[in-house]
Amino acid sequence: MERRAFMKTAVGAAAAWPVLGAAAPTGPAARRDFVIRGGYVISMDPRLGDLPMADVLVIDGRIAAVGRHLQAPAGAAVLDGTGMLVSPGFVNGHIHLAQTMQRGISTEHTFADYYSTLVLKYSNRMSPEDVRLAEYVGALEQMALGTTTLMDWNREAMTPDHAEAAVDGLLESGVRAIFAYTIAARTPQGSDAPLRRMVEHARSLRVGRLSSEDGRVALGACLPGPDFMPLEPAFADMRMLRELGVLTSFHCGAPIYAQRKKRLIATLAQQGLLDGKLQLVHANELDGDEFRMAADHGACMVCTPEAELHCGHGHPAIWKAARAKLPVSLGTDIPSAFGGGMMTQMRVALAAEIARLNAESFAATGKAPATKAVSARDMLELATIAGAQALGLGDLTGSITPGKRADLLLIRSDSVATAPMLDPVGTLVLQGTPADIDTVIVDGRVVKAAGRLTDARAELAARQLRQRALQMVQRAQQA
Ligand SMILES: [Zn+2]
């Protein structure tokens, strides 16, 4: 079948393409029922496994069935999966999405430069509209690269107006997200009054715009945390945030952090602050027993391999965490320095771990290991189902499982980069390129089709982002 005519209705009547793939005048593409026919389905559901030449039926944005020769209801569109890998959408467990406005500024920064320039000169000067636009364009980029779910660590949400704008951008984009609201507004005298106002606003978001439990954008929280401030106010902030009952994230346990606290996880446990609502970012140099401690209390962790290796966050500790049964996501981290999506992170994570195992083996025996202890499939698991589970979204997304929301990718396995596709998962992780991500579906809506974003406003938004970024740089230079 002609690739660009790959969608047609099941009843062969009106062409489905304009209806299924077209952008709504405002917001993401309209949703309709469809079936993907004849793809190589990598379900990442251990009960289903991989299914060559299989179908995926999506009804009302939910995966209704996975298998061969599925019956589709009359009127359902058909997506031709021939020559495609059908994968769950990727889960990006950590990104500072508003930094999309500062893309490229930090490419030559040390961590200290990054903090003094990006954070203090640029992030702090963003207007609410800057934040909305950056979130929107950043989310479009992530979806184009196969991310269907992301955890947005939003330090730019410095006021309620900024927070509302960030939520606007996420909702408009069509991505599935946890909006992690920064709760970091102490006065120079240490008063927590502004902090309390932000918690109140966050609570109003949770019962208002972000109230639905299976809503596409959910509330989370983020805070500087104990490695960036004295312990007592950090603990007080954490206690206050517990009232929200949402996933709360902070950076910790990396050697580059000047105020890093030894035995932090043990201290949090003693304070009664270590629980299943905590996400530890980077955390590569915790003591060995602290990984198990964090796991026993239900916490999770996220590694951002590319940024960690560049910035002095230690060697990615994915396998230390995995051995301790601490749930781990992968993330992309800071758009101001690193573009790209989860394909890059899977590859860097795999290379970093194999390099570590090789070095250990040479040191111990003088030889390389006899076998590879980690695989491409391990990486895909981290970027899909394990990542979703770590964020508490495992019942909603992360695998092609009937009952879950339809967050799906169609990745070409017949391109010049991916043919002859002798190993489907290996091809996806180690050979596939972003150009091979043909179709991206979030919550049953097609946001990318035939290799292009379906949102007609994307290019205009990118131009607006450039204009606003230049104004931001000018403001920073004049300050
Ligand atoms: Zn970060």
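Modeller: Let's fix one term before you start: a nonpolar core is a set of buried Ala, Val, Leu, Ile, Met, Phe, Trp, Tyr and Cys residues joined through C-beta atoms within 7 Å. Buried means 20 or more other C-beta atoms within 10 Å of a residue's own, exposed means 12 or fewer, partly exposed is in between, and the C-beta atoms are placed from the backbone. This is a predicted model, where local features need pLDDT of at least 70 and side-chain atom pairs count only at pLDDT 80 or more, while totals for chains, interfaces and linings use all residues. Residues are numbered from 1 along each chain as its sequence is written.

Colleague: OK, which residues touch the most other members of the largest nonpolar core?

Modeller: That core holds 141 residues. The ones touching the most other members are Val56, Val86, Phe179, Met301, Val328, Met346 and Ala349.

Colleague: And which helix gives the most to this core?

Modeller: Helices (H or I, at least four residues) and strands (E, at least two) are DSSP runs, numbered from the N terminus. With 8 residues, the biggest giver to this core spans residues 128-144, and that's helix H3.

Colleague: Which domains does this core draw at least three residues from?

Modeller: The bounds come from an automatic or database domain assignment. It splits the chain into 3-89 + 397-459 and 90-381. The core takes at least three residues from each, so to speak straddling domain 1 and domain 2.

Colleague: How far apart are the C-alpha centres of domain 1 and domain 2?

Modeller: The two do touch: 25 residues of domain 1 are in contact with 24 of domain 2, contact being C-beta atoms, placed from the backbone, within 7 Å. Their C-alpha centres, though, are separated by 29 Å.

Colleague: Which element gives the largest share of the side of domain 1 that touches domain 2?

Modeller: Helix H14 (424-431), strand E16 (437-442) and strand E17 (445-449) are the elements giving two or more residues to that side. The largest share is 5 residues, and it comes from H14.

Colleague: How many residues on that side of domain 1 are nonpolar, polar and charged?

Modeller: Ala, Val, Leu, Ile, Met, Phe, Trp, Tyr, Cys and Pro count as nonpolar, Asp, Glu, Lys and Arg as charged, and the others, Gly among them, as polar. On that basis the side of domain 1 touching domain 2 divides into 14 nonpolar, 6 polar and 5 charged.

Colleague: Which residues of H14 are buried?

Modeller: The cover over them includes strand E2 (34-42), strand E3 (50-59), helix H11 (342-365) and helix H12 (376-383). Under it sit the buried residues of H14: Pro424, Val425, Thr427, Leu428 and Val429.

Colleague: Now the sheet. What is the order of the 8 strands in the open sheet?

Modeller: Strands pair if DSSP finds at least two bridges between them. The pairing here is parallel, and the order is E7-E8-E9-E10-E11-E12-E13-E14.

Colleague: Why is one side of E7 and of strand E14 left without a neighbour in the sheet?

Modeller: Both E7 and E14 (328-330) stand at the edges of the sheet. One side of each lacks a neighbour because each has a single partner strand.

Colleague: How many bridges join strand E9 to E10?

Modeller: E10 (residues 217-222) is largely enclosed by the rest of the structure, because 6 of its 6 residues are buried. Val217, Leu219 and Ala221 point one way, with Ala218, Gly220 and Cys222 pointing the other. E10 runs parallel to strand E11 (residues 248-252), joined by 2 bridges. It also runs parallel to E9 (residues 176-182), and there the bridge count is 6.

Colleague: Is Gly93 buried or exposed?

Modeller: Gly93 lies in E7 (residues 90-95). Its C-alpha atom is 5.1 Å from that of Met151, 58 residues away along the chain. It has 34 C-beta neighbours inside 10 Å, so Gly93 counts as buried.

Colleague: Any odd backbone spots? What is the phi of His282?

Modeller: Most residues other than glycine have a negative phi, and most peptide bonds are trans. The bond from Ala419 to Pro420 is cis, with omega near 5°, and Asp443, in the loop between E16 and E17, has a positive phi near 55°. His282 is in strand E12 (residues 278-282). It isn't a glycine, yet its phi is positive, at about 75°.
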